[in-house]
Each structure stands twice: as C-alpha cells, then as structure tokens.
Amino acid sequence: MALSEITSAAREAVEPEELDFNRTIDRRMVHRASVAEVFVTGMQRTGSLSFRSAAQLPVSHSYYNDHTEIPARFDPLLLLETCRQASIHGAHALLEIPLETTFMVNDWDIHLDGGDALTMGERPGELLLSQLITPTYDRRERVTALGFDIQMEIAGVSVGGAHIRVSSAPTPQYASLRFMQRGSAPPMTSAFRGTGDRRTSVQPSRVNRFNPANVVLTETETDAEKRNLSAVLAPDFRNAGLFDHDYDHIPAMVLMEAARQSALLLQPESRSTGKVHRSLSITSLEASFSRFAELDSPIRVVAAAGFPSSSPQQVSVTLEQSGESVAVVSVTVRPPVLPANS
C-alpha cells in the first residue's frame with residue numbers, strides 16, 4: 001500500500017462514534033518500530049483542527065513502570081510520550097502529512113495535577129486526550145511547524161495538560177539538513193549498542209529506579225552545598241524503552257530522562273541515604289531544544305536546585321555538548337508526603 005493510501009485510510013478511520021481502548025493504532029502513524037511501544041488506541045475528530053485520542057497506559061513496562069515510588073503512579077514521561085504519539089497521529093490523519101516526514105521537537109512541557117487519578121491500579125490506565133493543532137505553513141502551503149495544546153483525563157478526572165511544538169520536514173530533506181550541519185553523515189545508535197562499558201556509576205535507587213539499564217547518568221559530581229550537579233550522559237543503547245528504533249542523534253525523551261534523574265540526585269534523601277524518598281514525585285517538566293544531541297561527542301548534564309525551603313522545588317538542567325547548549329529543562333519536584341505525626 002502506498003504511503004498516501006495509508007494516510008487516507010487512517011484519516012477515514014478516525015471518526016468513530018466512540019473511542020475505545022481495544023487495540024493500538026498502526027505503529028507507523030506514531031513513528032514507532034515496536035507495536036509494544038504504541039500506547040494510542042484510537043482517535044476522533046472534533047473539529048477541523050481538533051480531536052480526541054484514547055490511549056492505554058501500561059502497568060508492566062520495563063522502562064516506564066520501573067520506579068520505586070509508592071504509591072505507584074503513571075510516569076510523567078509516559079504521559080508525555082503518549083501525548084507525542086497522539087499529536088503525530090493527529091498531524092498525519094487530520095492534515096494528511098505524509099508518513100515520510102520527520103518531526104523535530106522545538107519545545108514541550110507537561111504539568112500534572114496531584115490527584116489520585118494518576119495512581120496506578122491493577123489494570124492499565126485509560127487516558128483520554130483532547131487536542132488542538134496550530135499549523136504553520138510556508139509559501140507553498142506546506143506544513144513546516146505544528147503546535148499542539150493537550151488536555152488529559154483519566155476516568156473523567158483531569159490529570160493535567162501539555163504543549164508540544166515541533167518543526168517538520170520531508171525525511172529526505174531532514175537527512176540533507178543533518179549532513180549539511182555536520183559536514184558528514186551522522187552515526188546511528190545501532191553502532192553504539194553493546195560497545196564498551198557504559199560506565200554507569202549511579203545506583204538505581206538514587207534516581208527512583210530498580211533496573212540499572214534505566215539509569216542514564218554517570219560521573220556525577222556535586223558542589224559543597226549539594227545544590228549543583230554535573231554528570232555525563234551514558235544511556236544504554238540496547239534499552240528499547242529509550243531507543244525504540246535507530247536514531248542519528250540522542251532523542252529528546254532520553255534528554256528528559258537525564259534531566260529528571262539529575263533533579264532526583266539533588267534531593268536530600270538521595271544524597272544522604274542513597275535512596276529517593278518513595279513518596280516524592282515529579283509534577284512538571286518544561287524543555288526547549290536548540291541543537292541535535294550528537295551521538296559521537298560527550299554530553300554533559302549540569303543541574304542547579306532551587307532553594308531547599310521552596311515547595312515544590314524547581315531544578316534547572318542544561319545539557320551541553322562541545323561547549324554549546326543542546327537543551328534546557330526545568331523539573332518540578334513535589335516533596336515527600338510525610339505522616340501527620342512525623
């Protein structure tokens with residue numbers, strides 16, 4: 001089937017009377033290689049540039065559910081990834097953007113409400129997303145950028161919102177751009193799988209993890225006041241939760257994970273006991289991306305925590321490569337929920 005036929009067929013199928021959670025959509029519509037990494041289950045048009053999406057949130061996933069937090073809550077980065085998938089699906093289906101298009105994240109943010117609706121149960125979560133698309137066109141009426149405003153709810157309860165802004169280009173044009181920027185063809189992540197030691201020196205419990213494969217930082221250092229941190233990005237390229245397919249750069253979601261882990265390492269419990277307090281959580285992340293994070297040059301992660309007395313605490317994270325900023329991320333950390341008699 002031709003790409004235009006796939007897009008047209010998908011567009012015709014996005015107007016059911018009701019959304020359901022029975023099966024995931026075509027993985028190609030959300031730029032995933034593995035069906036297991038697709039969370040969107042359906043879509044319904046609500047206007048010329050608005051739509052609703054349904055998604056099923058897993059309760060057993062080697063990356064998104066690998067957290068020590070109690071009670072277990074749906075991962076903010078899982079919700080952000082689901083928003084990303086639903087947005088791309090909407091762009092292809094509503095605007096008929098060809099599948100052979102590359103989307104590049106300029107900035108995004110997610111803000112979560114603190115209610116119980118995000119607490120995980122024994123069954124997968126059923127997430128509904130309401131979206132409005134704002135496209136930008138060039139002189140030839142081709143889409144060059146897209147903004148997505150998203151509201152999320154679970155079981156009829158609002159759980160927060162997100163905003164995503166991306167640039168888009170035909171995939172061959174993207175490849176030419178990457179070659180022009182570097183002066184050479186970029187290497188692919190497949191070339192880095194299983195090569196050498198990851199040198200991960202961070203204990204998983206210090207960043208709210210059980211599995212060392214989900215730790216993405218190494219060579220961490222803090223200043224005397226324990227409010228500033230420096231680390232080196234060291235992801236496991238075999239981790240399918242982070243690298244679903246072959247990339248020619250470090251994807252934005254890996255940079256977000258690095259920012260989150262940096263923020264957790266600056267928490268007092270992580271420094272003093274080697275473990276993050278199990279009721280501490282992330283309530284928002286805001287990020288802007290200025291350059292591609294290249295695979296063949298080290299990336300340094302620099303984090304600075306806000307005043308210890310602030311609640312919640314803001315942690316500012318900058319990811320640097322070759323002396324230039326690649327991304328800036330702000331992480332909001334909600335303090336531990338302590339017993340009333342503590």
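Where is the place of Gln181? Let me start there, everyone: Gln181 has its place in helix α3. Keep in mind that what we have on screen is a predicted model.

Gln181 is partly exposed, at a relative accessible area of 47%. If you look across from Gln181 to Phe292, you are jumping 111 residues along the chain, yet their C-alpha atoms are separated by 9.7 Å. The helix itself covers residues 171–182, and here is a little sanity check for it. With 12 residues at 1.5 Å a residue, α3 should span 16 Å, and its end C-alpha atoms sit 17 Å apart, which agrees. Right after α3 comes Gly183, with a positive phi near 80 degrees.

Now let's step back to the whole chain. There are five helices and 12 strands. Of the 342 residues, 50% are buried. Looking at contacts with a separation of 6 or more, 68% of them involve residues 24 or more positions apart. As for the outside, the accessible surface is about 15700 Å², and carbon and sulfur atoms account for 51% of that.

On to the sheet. How are the 12 strands ordered? They form an open sheet that reads β1-β2-β4-β5-β6-β3-β9-β12-β11-β10-β8-β7, with antiparallel pairing. At the edges stand β1, residues 40–47, and β7, residues 217–222; each has a single partner strand, so one side of each is left without a neighbour in the sheet. On average, neighbouring strands are turned by 25 degrees against each other, ignoring direction.

Let me zoom in on one pair. Strand β5, residues 143–154, and strand β6, residues 157–170, run antiparallel and are joined by 10 bridges. If you want to find one by eye, go to Ala145, whose bridge partner in β6 is Ser167.

Which helices pack on this sheet? One of them is α2, residues 76–95, which touches β1, β2, β3, β4, β5, β6 and β9. The direction of α2 makes about 50 degrees with that of β4. Our friend α3 also packs on the sheet, touching β3 and β6, and its direction makes about 75 degrees with that of β6.

Last topic: charges. Side chains of opposite charge can pair when their charged atoms come close. In the whole structure, a search finds 18 salt bridges, and I'd like to show you a few.

Take Arg165 and Asp107, which form a salt bridge with their closest N and O atoms 2.5 Å apart. Arg165 lies in strand β6 and Asp107 in strand β3, so this pair ties together parts that are 58 residues apart in sequence. Is each partner buried or exposed? Arg165 counts as partly exposed, at 38% relative accessibility, while Asp107 is buried, at 16%.

Next, Arg28 and Asp26 form a salt bridge, with 2.6 Å between the closest N and O atoms. Arg28 is partly exposed at 40% relative accessible area, and Asp26 is partly exposed at 29%.

Finally, Glu257 forms a salt bridge with Arg260, the closest N and O atoms being 2.6 Å apart. The two sit three residues apart in helix α4, residues 252–265, so about one helical turn separates them. Glu257 and Arg260 are both buried. They also belong to a network of salt bridges that links them with Asp66, Asp75 and Arg209.

That's my tour, thanks for listening!

Terms used: Residues are numbered from 1 along each chain as its sequence is written. This is a predicted model: local features need pLDDT of at least 70, side-chain atom pairs count only at pLDDT 80 or more; totals for chains, interfaces and linings use all residues. Side-chain values use heavy atoms; hydrogens and water are left out. Helices (H or I, at least four residues) and strands (E, at least two) are DSSP runs, numbered from the N terminus. Buried means under 20% relative accessible area, exposed over 50%, partly exposed in between (1.4 Å probe, protein chains only). Contact means heavy atoms within 4.5 Å. Accessible areas come from the Shrake-Rupley method with a 1.4 Å probe; for residues, only the protein chains shown count as cover. The expected span of a helix is 1.5 Å times one less than its number of residues. Two strands pair if DSSP finds at least two bridges between them. Axes are lines fitted to C-alpha atoms, for helices over the stretch in contact, and angles run from 0 to 180 degrees between N-to-C directions. A salt bridge is a side-chain nitrogen of Lys or Arg within 4 Å of a carboxyl oxygen of Asp or Glu.
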